[in-house]
Structure formats: C-alpha cells, structure tokens
Amino acid sequence: MRKQVSTIKTLMKYLGARKYWILVSLVLALGSVGLSLYIPVLTGQAVDLALGRGTVDMAGIGGILLKIGVCAGALALVQWMMSAVNNRLSFDTSRDIRLAAFRKIAKLPLKTIDAQPLGDIVSRVMSDVEQLSDGVLMGFTQLFTGVITILGTLIFMLVKQPLIAAAVVVVTPLSLVVSSFIAKRTYSMFKKQSENRGTLTAIIDESVSGMKTVKAFSQEETMRGRFRAANENLRASALRAIFFSSITNPATRFVNSVVYALVAVIGSLFAIARPRVMSVGDLTCFLSYASQYTKPFNEISGVVAEFQNALACAARVFEFIAEEEMTPDPAEGASVEGLKGDVQIEDLSFSYEPDRKLIEHLNLSAPAGRRVAIVGPTGCGKTTLINLLMRFYEPDAGRITVDGVDAREYGREALRSAYGMVLQDTWLMSGTVRENIRFGAPDATDEQVVEAAQAAHAHSFIERLPDGYDTMLTEDGGGLSQGQKQLICIARVMLKTPRILILDEATSSIDTRTELRIQDAFQRLMEGRTSFVVAHRLSTIRSADVIVAMKDGRIMEVGSHEELLKKNGFYADLYMSQYR
C-alpha cells in the first residue's frame, strides 16, 4: 500500500504541471453531469403532462422536448470537449514521463544500464508508459464524471425524498467494499504481469539482435523454448490479473441492481400512497437517477482495475526514473581549451563487484603525445581501464588526471569532447552514411566528411553504395560487412581530430591489407596526440612509444617493444605465443 501511495504522489507531480487542463476537465465534467441530471427532470415533467385521458398537454410536452433536444446537443458537445481535454492530459503526461525516462538513460551510470536487460528497459519506457497513459485517460474520463454524478444524484434524491436516498446510501457501501477488496489484491498481479512483459521483450530483443549467433549454433529451438516459457508466464499472469479484476464489475452490478430495485419499490409505494409527494413523473425521474447513480459504480470499478494496472506499470517506470544517477559534474568544470593530453593514472583501484577485485593500485604515466599500447590476456582489465579513462565508470580509489587536473573536475561532456574513441563493437545509428560519419562532429562540412572517409579508406566502398554518402543505414548497418561498419566508425573519429585517441581493437574486423593502410592513417592521426591502443594482435602495436602488459588488473611490465622482448618476461611470452 505504501508503494502505491508513493507511486500516486509521483504521478500527481507530473499531472500537476497541467493543473489548468485538469481544472478545465473538472468544469466540463460538472457541465456534463449537470446536463445529464437535468434531462431526467424534464422527462419527468413531460410524463406528468401526459397522464390522464384528455388531459395531455401537447404544447407543454413539445416545449419540454425542445429543451431536452437542446440539452442533449449541449451534452454531446461538452462530452466531446471533455474527451479532447482528457486525451491531451493523458498523452502529454505520458510524453513527459517517457521523456524523463529517456533522459534518465543518459544520466545513469553504465553499470546500472549493464545490470538490466535491454528489453526490460525498452518495456518500461514504451509499454509500461503506454499502460499508464491508458489508466490516466480512463481515470479522467470516467472518474471525474462518475464521482460528480454520484454526488449530484444523491443530493437531488436527498432533497426530493430523503427516505429513498437513505435506502440508497445504506446499500451503496457494499459496492465500495467489493471494489476495494478486489483492487488491493490485483495490484501485485498487474505488477507481475508488467514484469513478465519486460522479460518477454528482453528475450525478443536478444533473439533479434543475436539471430546470426542463434542460427550458427542451431539454437533456434532453445530460444523458442525460452520464448514459450516467458510467453506462458505472461499469459498466466495476465489471465490471473484480468480474472480477479473482472469480478469487480459483476459484483458492483449486483449491488447496483439492488439499489435500482429499492428505488423502484419504495418510489412506487410513495407514488400510490402519496401522489402529491411523489408523482409518476417524479418516480420516472427517480428511476432515471437511480440508473445514473449506479452506472458510475460500474465504470469506477473498471477504472479501479485499470488504474491498478496503470499503477503497477507506473511503479516500474518511476523505479527506473528514481535510479541513482552518476555523480554530478562540478558547477564550473575545468576547461579543456588548449588541452595537451598529459594523462596520469595514480594508485587506481576498481572492481565491478566488491568481492571480486579487478584493478588494484594501478599507476601509469602517459605524457602528452605519447602512444601507449595496452596488451594482455582476455579479462585482464584493458577495456575496463579505457572505460575509466572515458569516465564511463568511476574509480573506487585513486584518480586519473589530465594535464594535472583530476578527471572528475572536468565536466563529462567536456572531457569526452577531447577524446576520440573507436571500439571493437561498432555502433551505427539509423541514418545516412554521411550522418553516421558526422556524428562526432556535427558541424563538419561535406568535404571534411569525404576527407575523413578517404583517410579511413572507406571512401571507395561508400561511393559504390546505391546512394553513396546519402545511402540510408539501419541501426545495425544494414547490408554492410563488419569491416565496412568499422571503417565508418574509424572515419567518424578521424573527422573529430581529438586531443586524446583511444583505439580498442579498432581494426579487429578489417582485412590485413586494409589494416596496414589504416595503420598509416592512424600514425598520422596520432602524431602529437596522446594515444591509448588496445590490441590482441601484438604486431600492430610494435611502434608504440610504451607498451603496458597487464594481467589480472595489474601492470606486469612497461617498456618499448624491443625492451620488453629483451627482458624475456611476460610480454615476450605473450608476443611469441602468437607466432609459435
């Protein structure tokens, strides 16, 4: 219950930004209810004018029918306006929540993103917000008018005939008790349904993104089995939640039928025994009000069930939005203007999990303009060190300085603007080849884009594409080979011309001949720039100024290629193992 209250408070903060639209919706709801309550009064008056042979007042009935027509037309207009306002309220709120969730992604530490399945994050931002939007829309559409209708009809009945109103009031709480009892038990069911939906989305994402691997290992049936199990879990949880929530409507309908019967019986007795107190027209009006009074309970019971689903989805979204963000940048970060690129790593320690040490007390010096190669077996901490340099992760202890200033004193965006990075894992966005190359330098001219592509030896194959540099690519590169995608990523960093260059297996997917050409381009790019190169093929880093050989998060040896070979130690064993 406490969780639900917290979720509702957070939701109200987003709705509070549109308090004027909420006020308009409330006014329109009042108008809608007022008109719908006035029409039965007119109907009752018309009935009284039609009683008795030879006493039918056709002129009076005609005038009343005209009023009913005008009221019905006005009611339709008000309800249309209210629907438009409520739709805007709902969709604007869901847009803001979705935007907040998407902004949160950029503010979260990478370790938080890495710890969650991608599909589950997508499900929270898209599906859960959509479910929340539907719940909010139904709430405004039916809750406002429902509550006002109940109060309006009850007031009228109390004024007109307190005894009938008292009978209605006595029976009404049964409907509320039933709705409340079921609602409390369906929240956890809808939350489980939402979680299962996120799991299913994650499996779909894994299957689509890794389809080549799945097919290569003939694991289609395994993935189908995982999907079937997750799909069945979603079906079972959805059925359970819907089944229990659907009990609310028939239960409230039963109570409402009892209310209607009471009004009919007591009203009829009054109309027979005391016609001056209650005429037949009044009874007609009362029965209409009894129907209007009970109808919102059916609608509200549906709203309660839908709102439980919306709250369960909202809880998942707000949990994500409330995740702990990266440590904030300093208000006035150090400037990167004129940065030389002198990088020093001092007594650095880092681990992904507290009980599993990775990097401990690491020290490394990379003066401005030096080319530093980092080598070592898989899992030794090479890529982790790169992530720490880029401030994708923060060190547990120690520090990294750039030009003598702690990296944490620079703004992340400013610091990363000084870096150029090419990873082994290529990433392309949906867009043209030109847009992908220009991603790191949005203000670059078309001529500069072509020059960068030529330097990366990507120009020739780009020219052969159907629309050249204007060829549209999908997020995974479409029909491009892995090597071609990597060449585009290399062109992207060459266009940026950064002060500090990071190459993490940057040529791993490129043929040897093209690699040799790109190495020449990299040599020119690295001239006068601090560079960190991670490579498994040790032949590619022999020209580095200094080679850092790592093992289990520790630096084993530091020196030039020739110096390390003469030591005949860890690096020599590593190097020679590639040529045995």
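This is a selection-by-selection tour of a predicted model.

Residues are numbered from 1 along each chain as its sequence is written, and side-chain values use heavy atoms, with hydrogens and water left out. Because the model is predicted, local features need pLDDT of at least 70 and side-chain atom pairs count only at pLDDT 80 or more, while totals for chains, interfaces and linings use all residues.

**Stop 1: helices α2 and α3**

Select residues 19-49, helix α2, and residues 58-107, helix α3. Helices here are DSSP runs (H or I, at least four residues), numbered from the N terminus. The axes of α2 and α3 come within 9 Å and cross at roughly 160 degrees. Axes are lines fitted to C-alpha atoms, for helices over the stretch in contact, and angles run from 0 to 180 degrees between N-to-C directions. The crossing makes α2 roughly antiparallel to α3 (over 145 degrees counts as roughly antiparallel). The crossing is left-handed: the near helix is turned anticlockwise from the far one by less than a right angle. Show the side chains at the contact of α2 with α3: 23 residues are nonpolar, nine polar and two charged. Ala, Val, Leu, Ile, Met, Phe, Trp, Tyr, Cys and Pro count as nonpolar, Asp, Glu, Lys and Arg as charged, and the others, Gly among them, as polar.

**Stop 2: salt bridges**

The whole structure holds 17 salt bridges (a side-chain nitrogen of Lys or Arg within 4 Å of a carboxyl oxygen of Asp or Glu). Begin with D96 and R95, whose closest N and O atoms are 3.3 Å apart. R95 is partly exposed, at 44% relative accessible area. The cut-offs are under 20% for buried, over 50% for exposed, and partly exposed in between (1.4 Å probe, protein chains only).

Go to helix α8, residues 220-246, and pick R235 and E232. They form a salt bridge of 2.5 Å, N to O. The two residues are three apart, about one turn of the helix. An α-helix has 3.6 residues a turn, so residues three or four places apart point the same way. R235 is partly exposed at 43%, and so is E232 at 38%.

Now pick D446 and R434, which form a salt bridge at 3.6 Å, N to O. This pair links distant parts of the chain: D446 sits in helix α14 (residues 446-455) and R434 in helix α13 (residues 433-437), twelve residues apart. D446 is partly exposed, at 38%, whereas R434 is buried, at 15%. Add R438 and D470 to see a salt-bridge network that links them with R434 and D446.

**Stop 3: H457**

Select H457, in the loop between α14 and α15 (459-463). Its phi is positive, near 60 degrees, in a residue other than glycine. H457 is partly exposed, at 28%.

**Stop 4: helix α16**

Select residues 482-496, helix α16. Its 15 residues should span 21 Å at 1.5 Å a residue, and the end C-alpha atoms are 22 Å apart, which agrees. The expected span is 1.5 Å times one less than the number of residues. Twelve of the 15 residues are buried, including L487, I488, I490 and V493. C489 lies in α16 too and is buried, at 8%. Add V422: its C-alpha atom is 6.5 Å from that of C489, although the two are 67 residues apart along the chain. Just after α16 comes T497, with a positive phi near 45 degrees.

**Stop 5: N568**

Finish at N568, in the loop between α18 (561-567) and α19 (570-576). N568 is not a glycine, yet its phi is positive, about 55 degrees. N568 is exposed, at 59%.

Terms used. Angles under 35 degrees count as roughly parallel, over 145 as roughly antiparallel, 65 to 115 as roughly perpendicular and the rest as oblique.
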